[in-house]
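Student: I would like to learn how to read a helix in a model such as this one. Could you take me through an example, step by step?

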Amino acid sequence: MTDRLARAATATPPTPPGAPPTPAGALSDGRASASAQAAQDHLVRIATSAPRRAATAAPVSIYDALRASHEIQRALCRQIVRIPGSRPDKRLAVFKSLKLELAAHEAAEERFLYVPMLMHDTGLDPSRHALHEHHQMDEMVEDIEALAPEGDAWMAHVKALAHKVRHHLDEEEHKFFQASGKILSETQKLTLGRRYLRDHARMLRVLAGKG
Ligand SMILES: [Fe+2]
Ligand SMILES: [Fe+2]
């Protein structure tokens, strides 16, 4: 495991590869908050790290790299749904982190998991399904940005987004990773993992620069 993945793993409850995800709400507020804060710190570290760091990291499979981001997304979803309307600044700060990680992950995942899958007949259906859900989540993020962060409507939409994110991540890990595992060679899985990590870090920097 690389330094980067090790840091990501510390941002979340321990979840062995292949193990079922921690149920939402299983953590106390304190632990959920701490893990989400660590996740946000992780985003900052990646966004400010030198590109050379990704290029020289030890090889990791595309699946380990994707799961690290998934755990960050889950941690941020656990935290954001518990922030009361009396703390709109906190709501916006965590939402910004979630939006950033979702967008950077989607872009790099589409390029280095789903594009290779689309080149195979058996990869068409799962890839199309996943890309459709990425678009749906993008639209949900846009809808939330149009709402007042202290309102009940904001939280209702955020809860719907968190539900959608969890569904999408679970489906990827339990169905689409297996489908792609039959398509990609072992060498490809490592090559794509390296390229995904480099592009994910670059996208975080690019998207963070947009504010
Ligand atoms: Fe995805
Ligand atoms: Fe994903």
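Tutor: Let us begin with burial in one helix of this predicted model: in α6, the residues Pro126, Ser127, Ala130 and Ile144 are buried.

Student: Where do the buried residues of α6 fall when the helix is seen down its axis?

Tutor: The general idea comes from helix geometry: an α-helix has 3.6 residues a turn, so residues three or four places apart point the same way. In this case, the buried residues of α6 fall within an arc of 105° when seen down the axis, so they line one face of the helix. On the other side of α6, the exposed residues are Leu124, Asp125, His132, His135, Glu139 and Glu142.

Student: What covers the buried residues of α6?

Tutor: The cover includes α5, residues 88–118, and α7, residues 152–181. These belong to a protein with 8 helices and 0 strands, in which 37% of the 211 residues count as buried.

Student: How far apart are the end C-alpha atoms of α6, and what span should its residues give?

Tutor: At 1.5 Å a residue, the 22 residues of α6, 124–145, should span 32 Å, and the end C-alpha atoms are 32 Å apart, which agrees.

Student: What is the mean pLDDT of the protein?

Tutor: The mean is 83, with 73% of the residues reaching 70 or more. Over residues 1–31, however, the pLDDT is below 50, although this stretch has 44 contacts in the model beyond near neighbours in sequence. Residues 50–55 also have a pLDDT below 50, with 7 such contacts. Where pLDDT is low, the predicted coordinates should not be read in detail.

Terms used. Residues numbered from 1 in each chain as written. Chains lettered and ligands numbered in written order. Predicted model: local features only at pLDDT ≥ 70, side-chain atom pairs only at ≥ 80, totals over all residues. Helix = DSSP H or I, 4+ residues; strand = E, 2+ residues; numbered from the N terminus. Buried ≥ 20, exposed ≤ 12 C-beta atoms within 10 Å, placed from the backbone. pLDDT = per-residue confidence, 0-100. Contact = placed C-beta atoms within 7 Å. Expected span 1.5 Å × (residues − 1). Arc of directions from axis to C-beta.
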